[in-house]
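Good morning, and thank you for coming. I would like to take you through one protein model, beginning with a single residue and ending with the whole chain. Please look at the structure now.

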Amino acid sequence: MSESRNADLGRELSAAVVMFHEAVGARLGLRASDQRALALISRHGPITAGQLAEHTGLTPGAITGMIDRLERAGLASRNADPADRRRVLISSTGKGGDSAIFRDLAEAMNAVTSRYTESEQRLIADYVTRTISVLREQTRKLTER
């Protein structure tokens, strides 16, 4: 595929992902970025603000505001780390998730990936993993300026 076609596909994929998460965020009464942070907290939590910053590529200041919004909405809580009371852990309260949305998405994506061989799926996973790394690094650069 040409470089131009790859760039076009990348922009289309990016727009589709952003619009999906905007729609999910609107359904849940959150910003798309807050909704994604809540998903990360649910998946990796309890998690420190620093770890959340690493996962998102956002600055600690941006993460603090995000956690504040999630906490005000009753979707996340800050608690002292029992192993180190100086450290604060962020946890999901378990509220605010719409599992039907993500169940439908998972089913549709499983239908897509089932069309590929195991070898092709590994190649796709490698591409996606590398893309995530690039996007996190670019996000860090943009938010640090």
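Is Thr48 buried or exposed? The model before us is a predicted one, and in this model Thr48 has a relative accessible area of 11%. Buried means under 20% relative accessible area, so Thr48 is buried.

Let us find its place in the chain. Thr48 sits in the loop between α2 and α3, the latter being residues 49-56. Which residues does Thr48 touch, once its neighbours within four places in sequence are left aside? The contacts of Thr48 are Arg87, Val88, Leu89 and Ile90. Please keep Arg87 in mind, as we shall return to it.

The loop between α2 and α3 also holds Pro46. The peptide bond that leads from Gly45 into Pro46 is cis, and its omega is near -5°. For a first-year student, the general background is that most peptide bonds are trans.

I turn next to the helices. In general, two packed helices are described by the angle between their axes and the distance between the axes. We have two such pairs to consider, and α2 takes part in both.

The first pair is α1, residues 3-28, with α2. Their axes are 8 Å apart and the packing angle is about 85°. Angles of 65 to 115 degrees count as roughly perpendicular, and α1 and α2 are therefore roughly perpendicular to each other. Which residues bring these helices together? On the α1 side they are His21, Glu22, Val24, Gly25 and Leu28, and on the α2 side Ala32, Gln35 and Arg36. By character, the residues of this contact comprise three nonpolar, three polar and two charged.

The second pair is α2, residues 32-44, with α4, residues 60-72. Here the angle is again about 85°, while the axes lie 10 Å apart. That angle makes α2 roughly perpendicular to α4. From α2, the residues in contact are Ser33, Asp34, Ala37, Leu38 and Ile41, and they meet Met66, Arg69 and Leu70 of α4. This contact divides into five nonpolar residues, one polar and two charged.

Now to the charged side chains. How many salt bridges does a search of the whole structure find? The search finds nine, and I shall describe three of them.

The first joins Arg78 and Asp68, with a distance of 2.7 Å from N to O. This pair links distant parts of the chain, since Arg78 belongs to strand β1, residues 76-81, and Asp68 to helix α4, ten residues apart. Arg78 counts as partly exposed, at 30% relative accessibility. Asp68 is likewise partly exposed, at 27%.

The second brings us back to Arg87, whose side chain meets that of Asp81 in a salt bridge of 2.8 Å, N to O. Is Asp81 buried or exposed? Its relative accessible area is 6%, so Asp81 is buried. Its partner Arg87 has 38% relative accessibility and counts as partly exposed.

The third lies within helix α6, residues 118-144, where Arg140 and Glu137 are three residues apart, about one turn of the helix. The closest N and O atoms of this salt bridge are 3.6 Å apart. Both partners are partly exposed: Arg140 has a relative accessibility of 27%, and Glu137 has a relative accessible area of 37%. Elsewhere, salt bridges that share partners connect Asp68, Glu71 and Arg78 in one network.

Finally, let us step back to the whole protein. What does its secondary structure come to? There are six helices and two strands, and along the sequence they follow the pattern α-α-α-α-β-β-α-α. The C-alpha atoms fill a box of roughly 50 × 35 × 30 Å along the principal axes. Of the 145 residues, 20% are buried. The exposed surface is about 10,000 Å², with carbon and sulfur atoms supplying 55% of it. Among contacts between residues at least 6 apart in sequence, 47% join residues at least 24 apart.

To close, I return to our starting point: Thr48 is buried, and among its contacts is Arg87, which in turn forms a salt bridge with Asp81. Thank you for your attention.

Definitions and conventions:
Residues are numbered from 1 along each chain as its sequence is written. This is a predicted model: local features need pLDDT of at least 70, side-chain atom pairs count only at pLDDT 80 or more; totals for chains, interfaces and linings use all residues. Side-chain values use heavy atoms; hydrogens and water are left out. Axes are lines fitted to C-alpha atoms, for helices over the stretch in contact, and angles run from 0 to 180 degrees between N-to-C directions. Helices (H or I, at least four residues) and strands (E, at least two) are DSSP runs, numbered from the N terminus. Angles under 35 degrees count as roughly parallel, over 145 as roughly antiparallel, 65 to 115 as roughly perpendicular and the rest as oblique. Contact means heavy atoms within 4.5 Å. Ala, Val, Leu, Ile, Met, Phe, Trp, Tyr, Cys and Pro count as nonpolar, Asp, Glu, Lys and Arg as charged, and the others, Gly among them, as polar. Buried means under 20% relative accessible area, exposed over 50%, partly exposed in between (1.4 Å probe, protein chains only). Accessible areas come from the Shrake-Rupley method with a 1.4 Å probe; for residues, only the protein chains shown count as cover. A salt bridge is a side-chain nitrogen of Lys or Arg within 4 Å of a carboxyl oxygen of Asp or Glu.
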